[in-house]
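Hi,

Here is the structure I promised to pass on. Have a look at it first, and then read my notes underneath.

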Amino acid sequence: MKNQGFKDKQIILKQLFMLFDRFSEEMERACEEGCAACCTRNVTLTSLEAKHILDGLNSDEKDFVSNRVANEHHKNRLIPKTTINELAKICMNGEEPPEEFGDPLWGECPLLSNQRCMIYDLRPLACRVMISKKRCNVTGFAEIDEYMVTLSNLFMQYLEHVDNGGYFGNLSDILLLEADNKKYGLANLSENLLVNKPIEMLMVPPEHREKIAKIINAIQKI
Ligand code: SF4
């Protein structure tokens, strides 16, 4: 992948989403419309994805979504301590990653309405990769296949790489920052954000390397 301008990045983002859908199609999944147990306040995304969401809404929808997020902004949410490419580097160096804390009991994602996502077609990668083998609203947690975790990490790493120099953080913080920081009177949003980094090492365990090779090849052709 070469250096890209913002428009190119948006195109790459859509292609990454399409590739992810293609390569995750075969995965066993219990997820279905109306099951939203994984839609918590702990969803994270890149600034590129936040711009993609906002660009996909008309001005009334944008105001509605932003106001809704702003109204719930004071509530607890996961504030990530590392990006996925930083995490890969920490693992590569044999260091201990910082503990992330996001309690699902803090509540629903502000973009969930009547158990449905208000921006479903525009939702970030972190939501797309939540493919559970069992119904989360029955078990109380998502049961994610180990290969699915590797596949998710791979796409997350490439997405961060594409948005290198952009930001990563909680959906509530990044969406409002991109919508209009000043309009919502939230001057300190950027304090909760991390800067995206390029890939230094991919987190692919030996048992998945053969299967993942063709996917890496497809991503690198974008
Ligand atoms: S953005 Fe949509 S899919 Fe993602 S957690 Fe929120 S409501 Fe669920």
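**What I found**

Let me start with one pair of residues: Tyr167 sits across from Val195 in β5. Before going further, please keep in mind that this is a predicted model.

That pair belongs to the place where β4, residues 167–170, meets β5; the two strands run antiparallel and are joined by 2 bridges. Next to Tyr167 in the numbering, Phe168 faces Leu194 in β5. On the β1 side, β4 is joined to β1 by 3 bridges, again in antiparallel fashion. There, Thr44 is the residue opposite Asn170 of β4.

Put together, this gives an open sheet of 3 strands in the order β1-β4-β5, with antiparallel pairing. Its edges are β1 (44–46) and β5 (194–195), each of which pairs on one side only. If you want to follow the side chains, remember that in a regular strand they alternate between the two faces of the sheet.

**Around the sheet: the helices**

What lies across β1 and β4? That is helix α2 (residues 47–55), and it runs at about 90° to β1.

Helix α2 also meets helix α1, which covers residues 6–24: their axes come within 10 Å and cross at roughly 90°. So α1 is roughly perpendicular to α2. On the α1 side the contact involves Lys9, Gln10 and Leu13, and on the α2 side Leu48, Glu49 and His52. Sorted by class, that contact has 2 nonpolar, 2 polar and 2 charged residues.

Now turn to α1 and α7. The axes of α1 and α7 (residues 146–162) come within 10 Å too, but cross at roughly 175°. These two helices are therefore roughly antiparallel to each other. From α1, the residues that take part are Lys9, Ile12, Leu13, Leu16, Phe20, Phe23 and Ser24, and they meet Leu151, Phe155, Tyr158, Leu159 and Val162 of α7. The class count here is 10 nonpolar, 1 polar and 1 charged. Lys9 and Leu13 are worth clicking on, since they appear in the contact with α2 and also in the one with α7.

**The ligand**

Which residues are around the ligand? They are Ala36, Cys39, Val43, Cys109, Leu111, Leu112, Cys117, Ile119, Arg123 and Cys127. By class, this shell has 9 nonpolar residues, no polar ones and 1 charged.

**The chain as a whole**

Stepping back, the chain holds 9 helices and 5 strands. Reading from the N terminus, the elements come in the order α-β-α-α-α-β-β-α-α-α-β-α-β-α. The radius of gyration is 17 Å, close to the 17 Å that the globule rule gives for 222 residues, so the chain is as compact as a globular protein of that length. Measured out along its principal axes in the model, the C-alpha trace spans about 50 × 45 × 35 Å.

Best wishes

How values were computed: Residues numbered from 1 in each chain as written. Predicted model: local features only at pLDDT ≥ 70, side-chain atom pairs only at ≥ 80, totals over all residues. Pairing = 2+ DSSP bridges. Helix = DSSP H or I, 4+ residues; strand = E, 2+ residues; numbered from the N terminus. Contact = placed C-beta atoms within 7 Å. Axes fitted to C-alpha atoms, helices over the stretch in contact; angles between N-to-C directions. Near = placed C-beta within 6 Å. Nonpolar A, V, L, I, M, F, W, Y, C, P; charged D, E, K, R; others polar. Parallel < 35°, antiparallel > 145°, perpendicular 65-115°, else oblique. Rg over C-alpha atoms; globule rule 2.2 N^0.38 Å.
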